[in-house]
Amino acid sequence: MLTHNLWLAWKSVRRNPILSFLIIAGIALGVAVSTSFVTVWHVLAKDPIPGKSDRLHYVRLDSWDPVQPWDEEDNAPPPLLTYQDMRAAMKSDIPVRKAAMAQTALYVYPGSPDQRPFREAVRLTFSDFFPMFDVPFQYGSGWSPAADAKPEAVTVISSELNERLFGGRDSVGERLRLADREFRIVGVLAPWRPKVLVYDMSQNPYAEPEQIFIPFNLFEPMALSATGNQITWTRVDGNTFMERARNSEMIWIGMWAEFDNAGQRQAYLDFLNAYVNEQKKAGRFQRPLNNRLTAVVDLMEEWEVVPRQAKALAVISLLFLVIAALNLIGLFLGKFLARASVVGVRRALGASRRAIFLQHLVECELIGLIGGACGLLLSLGTLALVNRYYQPAGVEEKFFTLDPGMMLAAIGFALLAGAIAGVYPAWRICSIPPARHLKNQ
């Protein structure tokens, strides 16, 4: 029966090509808009580091003002740590891996005389950073824990910077001058642009990764200054940034810890709670105990990493699909009523209302699927334009793509549009008494 109804539907589509084209175009437009915007939201909202997101936890301690909480609505602790608290948190051996980090900016002095010095963003972190966040390497690797401890003047650079300074060749072992110090390159990243900057979602979660990575412990020897958020609720004194940061309540450092199981996570939380309770005796941490270890996806939800505009546009695009389908009811109704006399004869010969209804509904869904296929092609073009403006140079993987789930969703949108546009016309044509048309024959 389904095959027969599909054959009748296809004949009807070919019999009225102009009307069929208008309906298909309307559904295609609705599917294209809804699929494109829902895909953008889907890509931004999905797990940015699958397989590890439940193991990586962001470290927060509530060292804020005892009078005024950081977040009155959710009672959340500050998003960053003070220098002294970071040092204490890094002493524990409970996490499988741990990495504190901050951002600075340094002048890069190319070895070639025809290239002028330029200022570049630099990420200060620890050796565990690279395996924690599955950072891909083209040449070499990250530095060793021993390089953290000394600290050694070693660096990892991006593929883009490697192309700019060394023509893209293997530059591991080469020297690179940053500010007033010579660094040895130990690793070159492969082209890498995560959809969400997981390791630093407190600022711009959709920013590009830094071009240069160096050991955090070089902060003091090089007398560096942080360029990210630096917030305090107390007076901060000192001539240099490190003098102001060393023993103050200024928060400016992010930190992540990785655990293999819930037991390790709880043990580390107990370690942090014990540290805070000791600090309370010294007059710090005057707020109630509120330390948190937050997994990646939970932190994204708490900090609303996915823009509200993306969610709003996804909802609006679905409403657009519904409205487009509703506007096609009239076209379907006119198309079906034009052959009401034929339906009347079929009813008189014994065809049931159910059979007539299903025949016309199958036609609506067939047209919906054709429109959905066209809409899918349009959405591919739309996403290609979005990628053209969003895709960084050298990164082959496209940011916004239609994965199998979104392709199935597009088919669902097409079937939904066909049903919305066709249910009433199909019911109307099957409910007309056949005698009315037989009189006119």
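Hi everyone, let's start with one residue: D85 counts as buried, because its relative accessibility is 0% and the cut-off for buried is under 20%. This is a predicted model, so please keep that in mind as we go.

Where does D85 sit? It lies in helix α3. Leaving aside neighbours within four places in sequence, D85 is in contact with L61, S63, Y275, R284 and F285. You can also pick out I253, which is 168 residues from D85 in sequence, while the two C-alpha atoms are 9.5 Å apart in space.

Now let's step back and look at the whole chain. How many helices and strands does the protein chain have? The secondary structure comes to 15 helices and 10 strands. The radius of gyration of the chain is 31 Å, and the globule rule gives 22 Å for 441 residues; 31 Å is well over that, so the chain is more spread out than a compact globule. You can see this in the spans too: along its principal axes, the C-alpha trace covers about 100 × 55 × 35 Å.

What share of the residues is buried? Buried residues make up 49% of the 441 in the chain. As for the outside, the accessible surface comes to about 21000 Å², and 57% of that belongs to carbon and sulfur atoms. Here is a number about the fold: take the contacts with a separation of 6 or more, and 74% of them are accounted for by residues 24 or more positions apart.

Next, a look at empty space inside. Rolling a probe the size of a water molecule over the atoms shows where empty space is left. A search of the whole structure finds three cavities of 30 Å³ or more. Let's visit the second largest cavity, which holds about 100 Å³ of space. Which residues are closest to its centre? Of the 15 residues in the lining, those are M101, A102, D200, Q203 and W252. Strand β2 gives the most to this lining, with three residues. By type, the lining residues divide into seven nonpolar, six polar and two charged.

M101 deserves a closer look. This residue lies in strand β2, which runs over residues 97-109. Is M101 buried or exposed? At 2% relative accessibility, M101 counts as buried. Not counting residues up to four places away in sequence, M101 touches R123, L124, T125, F129, F133, Y199, F216, I253, G254 and W256. You may remember I253 from the D85 part of the talk. By contrast, D54 is 47 residues from M101 along the chain, and their C-alpha atoms are separated by 20 Å.

Just before D54 comes another residue I'd like to show you, S53. Its place is in the loop between α2 (17-45) and β1. S53 is buried, with a relative accessible area of 8%. Setting aside residues up to four places away in sequence, S53 touches D47, A295, V296 and V297. E278 is 225 residues from S53 along the chain, and the C-alpha atoms of this pair are separated by 31 Å.

Now for helix α2, where we find L22. At 44% relative accessibility, L22 counts as partly exposed. Which residues does L22 contact? Leaving aside its neighbours within four places in sequence, L22 is in contact with L328 and L331. L328 is 306 residues away along the chain, yet the C-alpha atoms of L22 and L328 are separated by 8.8 Å.

Let me finish with some backbone details in the loops. The peptide bond from K150 to P151 is cis, with omega near -10°. P151 lies in the loop between α5 (145-149) and β5 (154-157).

Then there are two residues with a positive phi, neither of them glycine. For N75, phi is near 55°. You will find N75 in the loop between β1 (56-60) and α3 (83-90), and at 39% relative accessibility it counts as partly exposed. For D134, phi is near 50°. This residue lies in the loop between α4 (129-132) and β4 (137-140), and D134 counts as partly exposed at 45% relative accessibility.

That's my tour, and thanks for listening!

Key. Residues numbered from 1 in each chain as written. Predicted model: local features only at pLDDT ≥ 70, side-chain atom pairs only at ≥ 80, totals over all residues. Heavy atoms only, no water. Helix = DSSP H or I, 4+ residues; strand = E, 2+ residues; numbered from the N terminus. Buried < 20%, exposed > 50% of the residue type's maximum accessible area, 1.4 Å probe, protein only. Contact = heavy atoms within 4.5 Å. 1 Å grid on protein atoms, 1.4 Å probe; cavity = no way out; pocket = protein on both sides within 12 Å on 5 of 7 lines; lining within 4 Å. Points joined across faces, edges and corners; volume = space filled by probe spheres on them. Nonpolar A, V, L, I, M, F, W, Y, C, P; charged D, E, K, R; others polar. Rg over C-alpha atoms; globule rule 2.2 N^0.38 Å. Areas by Shrake-Rupley, 256 points an atom, 1.4 Å probe, with all protein chains shown as cover.
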